[in-house]
Amino acid sequence: MWGVILKSGLERDLIENRLLTPEEIQDTKTSAEENTSTFMFALIQSGKVSEEKLQDLLASRYKVKKIDLDRFQIPEEVVKYVPPQLCRKHKVMPITKKGRKLIVAFSDPGNFYALDDVSMIAQMQIERIVATESSIERAIKKYYVPRGGDINNMMEAMAEGEAE
């Protein structure tokens, strides 16, 4: 068939939409493994697919809505349902609550480990929507760091101050 074994539907989508060749996918997978990053991060870093195009593909594949977190105000009471460490680990961001359902933006809505972790911590049913990884990272910085002060950032700032 293609000479390369495709493990995910996303990889098939990238080929079917003529965004990447099987060889480019294999190169991206190799790059991700060498840099201990995710396939999606390596894909975006390569510049072969934009974050927005990837977001469109993921929304279509998983039949979820997409959101631009840079244009969305997240209620303060919603942020407390998912700790910042979990948001950073899985590239997720809680955005609103409807009854016993927490609406959470995922950079990868197909990451069912993340879905399970968020559901277990929040003790709620989770509805997934997709956002770009960079917008999730900006939202995490905006909504978490100013409130509690991330210990890692505080330590880095102190180290930089000593180095000057």
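How are α3 and α4 oriented to each other in this predicted model? The views below begin with this pair of helices and then turn to a second helix pair, a cavity and a pocket.

**View 1. The packing of α3 against α4.**
In this predicted model, the axes of helices α3 and α4 come within 10 Å and cross at roughly 140°. Angles over 145 degrees would count as roughly antiparallel, and with a crossing of roughly 140° α3 and α4 are therefore oblique to each other. On the α3 side the contact is made by M40, L43 and I44, which meet E51, L54 and L58 in α4. Sorted by character, the residues of this contact between α3 and α4 divide into 5 nonpolar and 1 charged, with no polar residue among them.

**View 2. The packing of α1 against α4.**
Helix α1, which spans residues 9-16, packs with α4 at an angle of about 120°, and the axes of the two helices lie 11 Å apart. The helices α1 and α4 are therefore oblique to each other, and their crossing is right-handed. Four residues of α1 are named in this contact, G9, L10, D13 and L14, and they meet L54, L57, L58 and R61 in α4. The residues of the contact of α1 with α4 divide into 5 nonpolar, 1 polar and 2 charged.

**View 3. The cavity and its lining.**
The structure holds 1 cavity of 30 Å³ or more, and the volume of the largest cavity is about 70 Å³. Its lining is formed by M40, I44, E51, L54, Q55, L58, S107, V130, A131, T132 and E133. Two elements, α3 (39-46) and α4 (51-62), give two or more residues to this lining, and the largest share, 4 residues, comes from α4. The lining residues of the largest cavity divide into 6 nonpolar, 3 polar and 2 charged. Among them are M40, I44, E51, L54 and L58, residues that also take part in the contact between α3 and α4.

**View 4. The largest pocket.**
The largest pocket has a volume of about 480 Å³, and of the 22 residues that line this pocket, T38, F39, M40, D108 and N111 are the closest to its centre. The elements that give two or more residues to the lining of the pocket are α1, α2 (22-34), α3, α4 and α6 (84-90). By character, the residues of the pocket lining divide into 7 nonpolar, 7 polar and 8 charged. Residue M40, named here in the pocket lining, is also one of the residues that line the largest cavity.

Note on methods
Residues are numbered from 1 along each chain as its sequence is written. This is a predicted model: local features need pLDDT of at least 70, side-chain atom pairs count only at pLDDT 80 or more; totals for chains, interfaces and linings use all residues. Side-chain values use heavy atoms; hydrogens and water are left out. On a 1 Å grid over the protein atoms alone, a cavity is a set of points where a 1.4 Å probe fits but cannot get out, and a pocket is an open set with protein on both sides within 12 Å along at least five of seven lines; lining residues have an atom within 4 Å of a point. Grid points are joined across faces, edges and corners, and a volume is the space filled by probe spheres set on the points. Ala, Val, Leu, Ile, Met, Phe, Trp, Tyr, Cys and Pro count as nonpolar, Asp, Glu, Lys and Arg as charged, and the others, Gly among them, as polar. Axes are lines fitted to C-alpha atoms, for helices over the stretch in contact, and angles run from 0 to 180 degrees between N-to-C directions. Angles under 35 degrees count as roughly parallel, over 145 as roughly antiparallel, 65 to 115 as roughly perpendicular and the rest as oblique. A crossing is left-handed if the near helix is turned anticlockwise from the far one by less than a right angle, and right-handed if clockwise. Contact means heavy atoms within 4.5 Å.
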